[in-house]
Each structure stands twice: as C-alpha cells, then as structure tokens.
Amino acid sequence: MENIKIEPTKRSPGIDFDFAAGTFSIVGESYPEDVNKFFGPLIGQLKEYLSGAQGATIQFNFDLIYFNSTTAKIVMGLFEMLDEAAEAGNTVTIGWFFAPDDSNMEELGEEFSEDLEHATFVMIPKE
C-alpha cells in the first residue's frame with residue numbers, strides 16, 4: 001500500500017500515513033470545505049490497511065490545533081476503527097497532542113478517549 005503524505009493548508013490538516021511502518025499522523029487545523037471529499041479516500045485506505053493488519057503495531061497521532069464539528073465526527077470514526085483494530089489483536093496506540101495552555105483540546109482528547117476499550121490512549125502535552 002502506498003504511503004500518503006499531504007501538506008497542510010489553511011483549512012486542511014497535514015496527513016502522513018506510512019502503512020509499512022504502521023505510523024499515522026494528522027497535524028494542524030481541519031475545517032475543509034468538503035470534509036468527506038478530503039477524508040473519504042484517506043479513511044478508505046486506512047480501513048483497507050486495518051482489515052488486513054494482524055499482530056501489527058500501530059501508532060496514530062493527532063496533533064490538531066483546531067477542527068470543526070464535522071471533522072470531530074471523522075475523528076470519532078477513526079477512534080472507533082482504531083479501537084476495533086486493537087480488539088482484533090493489534091497493538092494500537094493513539095497519541096493526542098495538545099498545547100499545555102489549550103484546555104479545550106485537552107478536554108476533547110479526554111472525551112474522545114473515554115470510548116476506547118482496547119486501544120491505548122496517551123495525552124501528550126507539547127512543549
């Protein structure tokens with residue numbers, strides 16, 4: 001599976017999906033005009049990767065500064081997919097980066113993590 005690297009724009013986050021290494025990151029701000037058009041193909045490829053993963057070690061980092069409510073739904077869906085991959089026997093770690101003075105992003109991370117049952121969630125304050 002080919003890796004995906006997308007540079008961030010003013011409205012869309014940077015994407016770095018390295019399928020061979022099992023490392024994934026979403027960085028920056030996310031309020032694209034068409035969330036489904038932006039994230040749809042990425043989620044499709046991630047689903048395909050996760051469906052074939054067996055005993056894999058997966059690291060998924062969220063380093064978001066801001067995102068809108070439609071992106072929040074995408075993030076929740078990603079959490080669900082990653083939790084299912086962990087339930088299937090993969091080692092899945094989700095890193096949630098936030099600025100120490102950004103209590104909103106910290107609280108969002110805590111809320112998202114509450115629904116995880118199998119994946120490991122790590123809050124990571126940025127320096």
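Helices and strands are named here as DSSP runs, counted from the N terminus, with at least four residues for a helix and at least two for a strand. With these names in hand, the predicted model can be walked through from its sheet to its empty spaces.

The sheet is a good place to begin. Six strands make up an open sheet, arranged in the order β1-β2-β3-β4-β5-β6, and their pairing is mixed. The edge positions belong to β1 (4-6) and β6 (120-125); each has a single partner strand, so one side of each is left without a neighbour in the sheet. On average, neighbouring strands are turned by 15° against each other when direction is ignored. As a general point to keep in mind while looking at any strand, side chains in a regular one alternate between the two faces of the sheet.

Following the strands across the sheet, β3 (residues 23-30) and β4 (residues 57-67) run parallel and are joined by 8 bridges. Within this pair, I26 stands opposite F62 of β4, while S25 has N61 in β4 as its bridge partner. To get from β3 to β4 the chain passes through α1, and the resulting β-α-β crossover is right-handed.

The next pair, β4 and β5, also appears as a parallel one, with 6 bridges between the two strands. Here I58 faces V92 of β5 across the pair. Helix α2 (residues 69-87) carries the chain from β4 to β5, in a β-α-β crossover that is right-handed.

From β5 the view moves on to β6. These two strands run parallel and are linked by 6 bridges, and I94 stands opposite F121 in β6. Together with α3, the two strands form a β-α-β unit that is right-handed. Helix α3 (residues 103-113) packs on the sheet, where it touches β4, β5 (91-98) and β6. The direction of α3 makes about 160° with that of β5.

Attention can now turn to the spaces between the atoms. In general, rolling a probe the size of a water molecule over the atoms shows where empty space is left. In this model there is 1 cavity of 30 Å³ or more, and the largest cavity holds about 30 Å³ of space. Its lining consists of I15, F17, I26, F39, L42, I43, L46 and L78. Two elements, β2 (14-18) and α1 (35-52), give two or more residues each to this lining. The element that gives the most is α1, with 4 residues. What classes of residue line the largest cavity? The lining has 8 nonpolar residues, with no polar and no charged ones. One of the lining residues is I26, already met above as the residue opposite F62 in β4.

A pocket offers a second kind of space. About 180 Å³ lies in the largest pocket, which is lined by M76, F79, E80, D83, E111, F112, D115, L116 and E117. Which helices each supply at least two residues of this lining? They are α2 and α3. The largest share, 4 residues, comes from α2. By class, the lining of the largest pocket has 4 nonpolar and 5 charged residues, and no polar ones. Both helices have appeared before: α2 lies on the path from β4 to β5, and α3 packs on the sheet.

Technical notes. Residues numbered from 1 in each chain as written. Predicted model: local features only at pLDDT ≥ 70, side-chain atom pairs only at ≥ 80, totals over all residues. Heavy atoms only, no water. 1 Å grid on protein atoms, 1.4 Å probe; cavity = no way out; pocket = protein on both sides within 12 Å on 5 of 7 lines; lining within 4 Å. Points joined across faces, edges and corners; volume = space filled by probe spheres on them. Nonpolar A, V, L, I, M, F, W, Y, C, P; charged D, E, K, R; others polar. Pairing = 2+ DSSP bridges. Axes fitted to C-alpha atoms, helices over the stretch in contact; angles between N-to-C directions. Contact = heavy atoms within 4.5 Å. Right-handed = clockwise from strand over helix to strand, strands pointing away.
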